[in-house]
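The following exercises are to be worked with the sequence and the model side by side. Each task is followed by a solution in steps.

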Amino acid sequence: MTTQDSNQTQVNSVTKMSVTGHESSDAATQEFKPGNKLSVDLSEHVIVLPAGPFEKNISVASPTEVDLTCKLDENSNLKNPQVTWKKGSETISHTSKAPNSWTIKVTISESSHLGSYTCFLKAEKELSATFHLHVPPIDGREKPVIAYIGDTGVMVCKTEHHPRAWKWFMNNGTELVSIDKILPKDKYEILSRSASESRLEIHRLTVADSGEYWCEADFVLGPGKARFEVRVLSVAEPLKPFIAVVAEVAILVTLIGLYEVYSKKRKAKEGEKEFDQIEQLPNSHI
């Protein structure tokens, strides 16, 4: 059990995955033998009030027991508060009490035991603190993956725990579909340096490969997911703004040229008219 906040880290691109010695019959799934978690096990998590912070994220990868404690700061003026613990709207009993400290023991044996546990301290004012128990977060990529036609796209998912398996999906517009149902086997690879990382590589990218991809880490208590957006561009795509500017300049130069030609013709006609009028002046005095 760990207290890791779900901080996202940026990773590069989109593509395929496999781990030596742990092959799966499903081409889009990588299974692993049970492994030890990478972080230190903790059994007790404390929030001090009113100092805060008033929320704490707790990652739980496998069945365990945790102690959740709300504790009053030694300088707090809140005296003899009435304390209630709730999971969602459900009140929890069996709270153990120490001086200015209230604890519940939570047994996490299935996914339904995950969720938000809140302590409410009521006296002349009310204080509260919430513990969010969830499967470990998956580090993916928030920004779109930009690649060009013919390139290899790469997506990497990581977690600080060892899931039982990794799976990759693509959104077909209505639902998530296993990557092997959409792409031919020679089009992608699934690779990994360790059980805590999965890497999808998509070869010979086409515009049709653009879209939304998901990795899923299968933990005992449920899945954790991360989303990728892939945009495949033609080589000419980056040139479009430049071409647009060139086209605008060309149009402007053409208009200026036409205006100059028109002006010259107009001046020439005006000159000829004045000359004719001058020639006619002597005749008008006869």
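**Exercise 1. A pair of parallel strands**

Task: Determine how many bridges join strand β2 to strand β4, and identify the bridge partner of Glu44.

Solution. The model is a predicted one. Step 1: locate β2 at residues 44-49 and β4 at residues 64-72. Step 2: follow the two strands; they run parallel and are joined by six bridges. Step 3: take Glu44 and look across to β4, where its bridge partner is Asp67.

**Exercise 2. The other partner of β4**

Task: Establish whether β4 and β8 run parallel or antiparallel, and find the residues of β8 that face Val66 and Asp67.

Solution. Step 1: find β8 at residues 101-108. Step 2: compare the directions; β4 and β8 run antiparallel, with eight bridges between them. Step 3: read off the residue pairs. Val66 stands opposite Val106 in β8, and Asp67 has Lys105 as its bridge partner there. Step 4: combine this with the previous exercise. Asp67 is the bridge partner of Glu44 and also of Lys105.

**Exercise 3. Assembling the sheet**

Task: State the order of the strands in the sheet that contains β4, and name the edge strands.

Solution. Step 1: place the strands in the order β2-β4-β8-β7, which gives an open sheet of four strands. Step 2: describe the pairing, which is mixed; the parallel pair β2 and β4 and the antiparallel pair β4 and β8 illustrate this. Step 3: identify the edges. These are β2 and β7 (96-98), each of which pairs on one side only. Step 4: note the twist, which averages 20° from one strand to the next.

A general point helps when side chains in a sheet are inspected: in a regular strand they alternate between the two faces of the sheet.

**Exercise 4. A hairpin and the surroundings of Thr91**

Task: Describe how β5 pairs with β6 and β9, and list the contacts of Thr91.

Solution. Step 1: pair β5 with β6 (residues 90-92); the sense is antiparallel and there are three bridges. Step 2: examine the connection. The two strands form a hairpin with two residues between them, and Gly88 in the turn has a positive phi of about 65°. Step 3: pair β5 with β9 (residues 115-122), again in the antiparallel sense, over six bridges. Trp85 stands opposite Cys119 in β9. Step 4: turn to Thr91, which lies in β6 and is the bridge partner of Lys86. Leaving aside residues up to four places away in sequence, Thr91 touches Thr84, Trp85 and Lys86. Step 5: consider Thr118. This residue is 27 residues from Thr91 in sequence, while their C-alpha atoms are 9.5 Å apart in space.

**Exercise 5. Backbone details in two loops**

Task: Locate the cis peptide bond that joins Leu49 and Pro50, and give the phi of Asn80.

Solution. Step 1: find Pro50 in the loop between β2 and β3 (55-59). The bond from Leu49 to Pro50 is cis, with omega about 0°. Step 2: find Asn80 in the loop between β4 and β5 (82-87). Its phi is near 45°, a positive value in a residue other than glycine.

**Exercise 6. A second open sheet**

Task: Give the order of the sheet that contains β16, and identify the bridge partner of Val154.

Solution. Step 1: arrange the three strands as β12-β16-β15; the sheet is open and the pairing antiparallel. Step 2: name the edge strands, β12 (153-158) and β15 (188-191), each pairing on one side only. Step 3: neighbouring strands are turned by 15° against each other on average, direction ignored. Step 4: β12 and β16 (residues 197-202) share six bridges, and Val154 has Glu201 in β16 as its partner.

**Exercise 7. The cavity**

Task: Classify the residues that line the largest cavity.

Solution. Step 1: a search of the whole structure finds one cavity of 30 Å³ or more, and the largest holds about 30 Å³ of space. Step 2: list its lining, namely Arg141, Glu142, Lys143, Pro144, Arg227, Phe228 and Glu229. Step 3: sort these residues into two nonpolar, no polar and five charged.

**Exercise 8. Confidence**

Task: Find which elements have the lowest and the highest mean pLDDT.

Solution. Step 1: for the protein, the mean pLDDT is 80, and 76% of residues reach 70 or more. Step 2: helix α2 (residues 240-285) has the lowest mean, 66, and strand β14 (residues 176-178) the highest, 96. Step 3: over residues 1-25 the pLDDT is below 50, although this stretch has 108 contacts in the model beyond near neighbours in sequence.

How values were computed:
Residues numbered from 1 in each chain as written. Heavy atoms only, no water. Pairing = 2+ DSSP bridges. 1 Å grid on protein atoms, 1.4 Å probe; cavity = no way out; pocket = protein on both sides within 12 Å on 5 of 7 lines; lining within 4 Å. Points joined across faces, edges and corners; volume = space filled by probe spheres on them. Nonpolar A, V, L, I, M, F, W, Y, C, P; charged D, E, K, R; others polar. Axes fitted to C-alpha atoms, helices over the stretch in contact; angles between N-to-C directions. pLDDT = per-residue confidence, 0-100. Contact = heavy atoms within 4.5 Å.
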